[in-house]
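I opened this notebook to record what I looked up in one chain. The entries go from the whole chain to its sheet and then to its helices.

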Amino acid sequence: MNAHLKVQPHHVERSAYLYIRQSSMRQVIENTESARRQYALRGRAVALGWRDEQIIVVDNDQGESGASAAWREGFQRLVSDVGMGRAGMAAPAGDLRSCRHPDPR
């Protein structure tokens, strides 16, 4: 199904959240292409109808392992805001394998 058909006006009335994370400081330093791809998802949100000022980038968990959410303040904020109905879209970019490896083979 076309993504534009899934995004309804009530979604775009709320914020779009981009959750950006890499699991280790080594990844943050060495995998700059991954970070670039994750931040580029902002453009996808704009293409789907969100205004730039509606897009909230949550990237303060850089270098934090995904093994536990206990120390990941950004993830906790994302979950809280989604639970409170503040998000029209939430893109967990750090968990998208396509952000890490453009060729999935």
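The entries below follow the order in which I looked things up.

**Entry 1: the chain as a whole.** I note at the outset that the model is predicted. I counted six helices and three strands in the chain. Read from the N terminus, I found the elements in the order α-α-β-α-α-β-α-β-α. I then looked up burial and found that 30% of the 105 residues count as buried. For the exposed surface I noted about 6700 Å², with carbon and sulfur atoms supplying 54% of it. Among contacts with a separation of 6 or more, I found that 71% join residues 24 or more positions apart.

**Entry 2: the sheet.** In what order do the three strands lie in the sheet? I read the order as E2-E1-E3, in an open sheet with parallel pairing. Strands E2 (55–58) and E3 (87–92) are at the edges, and each has a single partner strand, so one side of each is left without a neighbour in the sheet. Ignoring direction, I noted an average turn of 15° between neighbouring strands.

I next looked at one pairing in detail. Strand E1 (residues 15–19) pairs with E2 in the parallel sense, over four bridges. Within this pairing, I found Val57 of E2 as the bridge partner of Leu18.

**Entry 3: helices on the sheet.** Which strands does H4 touch? I found that H4 packs on the sheet and touches E1, E2 and E3, with its direction at about 165° to that of E2. I also looked up helix H5 (residues 73–83), which lies across E1, E2 and E3 and runs at about 155° to E1.

**Entry 4: helix H4 by itself.** I checked the length of helix H4 (residues 32–47) against expectation. At 1.5 Å a residue, its 16 residues should span 22 Å; I found the end C-alpha atoms 24 Å apart, which agrees.

Which residues of H4 are buried? I listed Ser34, Ala35, Gln38 and Ala45. Seen down the axis of H4, these buried residues fall within an arc of 110°, so they line one face of the helix. For this step I recall that an α-helix has 3.6 residues a turn, so residues three or four places apart point the same way.

Lastly, I looked just beyond the helix: Gly49, just after H4, takes a positive phi of about 120°.

How values were computed:
Residues are numbered from 1 along each chain as its sequence is written. This is a predicted model: local features need pLDDT of at least 70, side-chain atom pairs count only at pLDDT 80 or more; totals for chains, interfaces and linings use all residues. Side-chain values use heavy atoms; hydrogens and water are left out. Helices (H or I, at least four residues) and strands (E, at least two) are DSSP runs, numbered from the N terminus. The expected span of a helix is 1.5 Å times one less than its number of residues. Buried means under 20% relative accessible area, exposed over 50%, partly exposed in between (1.4 Å probe, protein chains only). The arc is that of the directions from the helix axis to the C-beta atoms. Contact means heavy atoms within 4.5 Å. Accessible areas come from the Shrake-Rupley method with a 1.4 Å probe; for residues, only the protein chains shown count as cover. Two strands pair if DSSP finds at least two bridges between them. Axes are lines fitted to C-alpha atoms, for helices over the stretch in contact, and angles run from 0 to 180 degrees between N-to-C directions.
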